[in-house]
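Here is a briefing on a structure and its contacts. Keep the sequence and the 3D view open while you read.

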There are 2 protein chains.
Amino acid sequence: MAATTAGARGEADSRTYSVGELAAELGVTTRTLRFYEEAGIVTPARTGSGSARAYGARDRARLVLALRGKRFGMSLAEIREIVDMYDAEPGEAGQIRRLLESLAPVRADLQARRDELERTLAEVDDVARRCRARLDELGP
Amino acid sequence: MAATTAGARGEADSRTYSVGELAAELGVTTRTLRFYEEAGIVTPARTGSGSARAYGARDRARLVLALRGKRFGMSLAEIREIVDMYDAEPGEAGQIRRLLESLAPVRADLQARRDELERTLAEVDDVARRCRARLDELGP
DNA sequence: GTTGACGTTGACGTTAAGGGCAAGGTAGCG
DNA sequence: CGCTACCTTGCCCTTAACGTCAACGTCAAC
């Protein structure tokens with residue numbers, strides 16, 4: 001199946017990356033990329049003969065999202081879910097509605113985290129402010 | 001050493017919690033609290049005879065901070081550092097200055113994370129928007 | 001004075017997220 | 001042809017952050 005490795009339509013795929021290349025670019029090891037593949041986050045194509053992984057633009061995008069997700073404490077499983085819905089094929093109305101619904105809690109969670117971060121940031125700033133005040137009090 | 005379990009000054013300590021109590025309140029297990037103690041995040045006092053842990057307001061506050069930190073992907077070690085500086089004794093000028101300096105990168109990191117979150121949130125919203133548009137296109 | 005709820009330490013098990021290494025394939029290059 | 005660089009698939013090791021279990025103390029209640 002599949003025609004030219006290109007997606008549904010629009011061959012603006014540009015290029016394709018090898019593990020090493022992509023790993024270097026993303027600042028992770030090749031082991032990590034392989035691990036993410038096992039976790040179902042990416043499914044790179046293979047080169048005809050060598051069975052070497054060939055990551056496309058879509059894989060790259062998913063990895064970027066995954067690494068971002070990891071940064072604020074998501075598990076690979078959570079990440080997988082989110083990334084999956086990110087680039088799900090449009091499909092028919094029912095499917096889209098389901099996607100929208102599953103998006104809601106994700107959004108809520110992200111927002112909650114952001115708010116917490118905001119609060120934390122404010123607290124840190126407050127500590128800093130108090131420090132400076134104390135220094136003013138002491139210093140000449 | 002130490003006088004009454006109370007901090008530097010101001011006995012507004014109110015009450016003290018047992019492991020179970022505090023764990024329930026914070027929504028974690030007692031094991032977790034003990035683990036955080038090993039990790040140096042809290043150092044609850046002990047009751048005279050039984051050697052049972054008695055968590056004070058300060059411990060509670062540190063745990064709240066720690067759990068918040070965990071939510072956005074910090075390791076217990078990182079958490080410990082931050083929490084430590086949060087309620088470090090004022091100390092002399094040099095110490096305060098050092099605290100201020102170590103606070104800067106933390107703040108930068110938090111801000112970076114928040115910005116990333118913001119961007120992710122925007123992307124999620126964008127996906128949702130496109131979903132709705134597509135539904136409008138399809139629906140009657 | 002024993003029962004039960006709750007606490008204690010200690011030790012071992014588990015899960016997630018990789019690290020690292022061995023043994024081998026393959027593609028270009030001189 | 002052989003060298004080198006990069007890739008492949010196992011497979012086991014490690015670290016963090018707990019879970020779980022055992023064996024035992026303690027304190028109030030009955």
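Start with DNA strand C. Of its atoms within 4 Å of the protein, 70% belong to sugar or phosphate, and the rest belong to bases. This is a predicted model, and the values below are computed from it. The points cover each strand in turn, then a buried arginine, a helix and the rings.

**DNA strand C**

- The strand has 17 residues around it. Thr29(A), Tyr36(A), Ser49(A), Ser18(B) and Arg53(B) come nearest.
- By class, this surface has 5 nonpolar, 7 polar and 5 charged residues.
- Two helices each supply at least two residues of the surface: H2 (30-38) of chain A and H1 (19-26) of chain B.
- The largest share comes from H2(A), with 4 residues.
- Arg31(A) reaches a base. One of its polar side-chain atoms lies 2.9 Å from a base oxygen of DNA strand C.
- Lys70(A) points to the backbone of the strand instead: a polar side-chain atom lies 3.5 Å from a phosphate oxygen.
- Ser18(B) also has a phosphate oxygen of DNA strand C beside it, 2.8 Å from a polar side-chain atom.

**DNA strand D**

- Here 18 residues surround the strand. The closest are Ser18(A), Arg53(A), Thr29(B), Tyr36(B) and Ser49(B).
- Of the atoms of DNA strand D within 4 Å of the protein, 69% belong to sugar or phosphate. The rest belong to bases.
- Ser18(A) places a polar side-chain atom 2.6 Å from a phosphate oxygen of the strand.
- Gly20(A) uses its backbone: an N or O atom there lies 3.2 Å from a phosphate oxygen of DNA strand D.
- From chain B, Tyr36(B) has a polar side-chain atom 2.7 Å from a phosphate oxygen of DNA strand D.
- Two helices give two or more residues to this surface: H1 (19-26) of chain A and H2 (30-38) of chain B.
- H2(B) provides the largest share, 4 residues.
- The residues of this surface divide into 5 nonpolar, 8 polar and 5 charged.

**A buried arginine in chain A**

- Is Arg62(A) buried or exposed? Arg62(A) counts as buried because its relative accessible area is 7%, and the cut-off for buried is under 20%.
- Arg62(A) sits in helix H3, residues 57-71 of chain A.
- Which residue does its side chain meet in a polar contact? The partner is the side chain of Asp84(A), at 2.7 Å.
- Leaving aside residues up to four places away in sequence, Arg62(A) touches Gly40(A), Ile41(A), Val42(A), Val83(A), Asp84(A) and Asp87(A).

**Helix H4 of chain A**

- Helix H4 spans residues 76-86 of chain A. Its buried residues are Leu76(A), Ile79(A), Ile82(A), Val83(A), Met85(A) and Tyr86(A).
- What covers them? The cover includes H2, H3 and helix H5 (93-138) of chain A. Helix H5 (93-138) of chain B is included too.

**Rings and charges**

- How many aromatic pairs does a search of the whole structure find? Over all chains, the number is 0.
- In chain A, Arg15(A) lies over the face of Tyr17(A), 4.4 Å from the ring centre.
- In chain B, the charged end of Arg15(B) sits over the ring of Tyr17(B), at 4.4 Å from its centre.

Technical notes: Residues numbered from 1 in each chain as written. Chains lettered and ligands numbered in written order. Predicted model: local features only at pLDDT ≥ 70, side-chain atom pairs only at ≥ 80, totals over all residues. Heavy atoms only, no water. Near = heavy atom within 4 Å. Polar contact = N/O pair within 3.5 Å; in protein donor to acceptor, adjacent residues only side chain to side chain. Nonpolar A, V, L, I, M, F, W, Y, C, P; charged D, E, K, R; others polar. Phe/Tyr/Trp six-rings, centres within 6.5 Å; stacked < 30°, edge-to-face > 60°. Lys NZ or Arg CZ within 6 Å of the ring centre and 35° of its normal. Buried < 20%, exposed > 50% of the residue type's maximum accessible area, 1.4 Å probe, protein only. Contact = heavy atoms within 4.5 Å.
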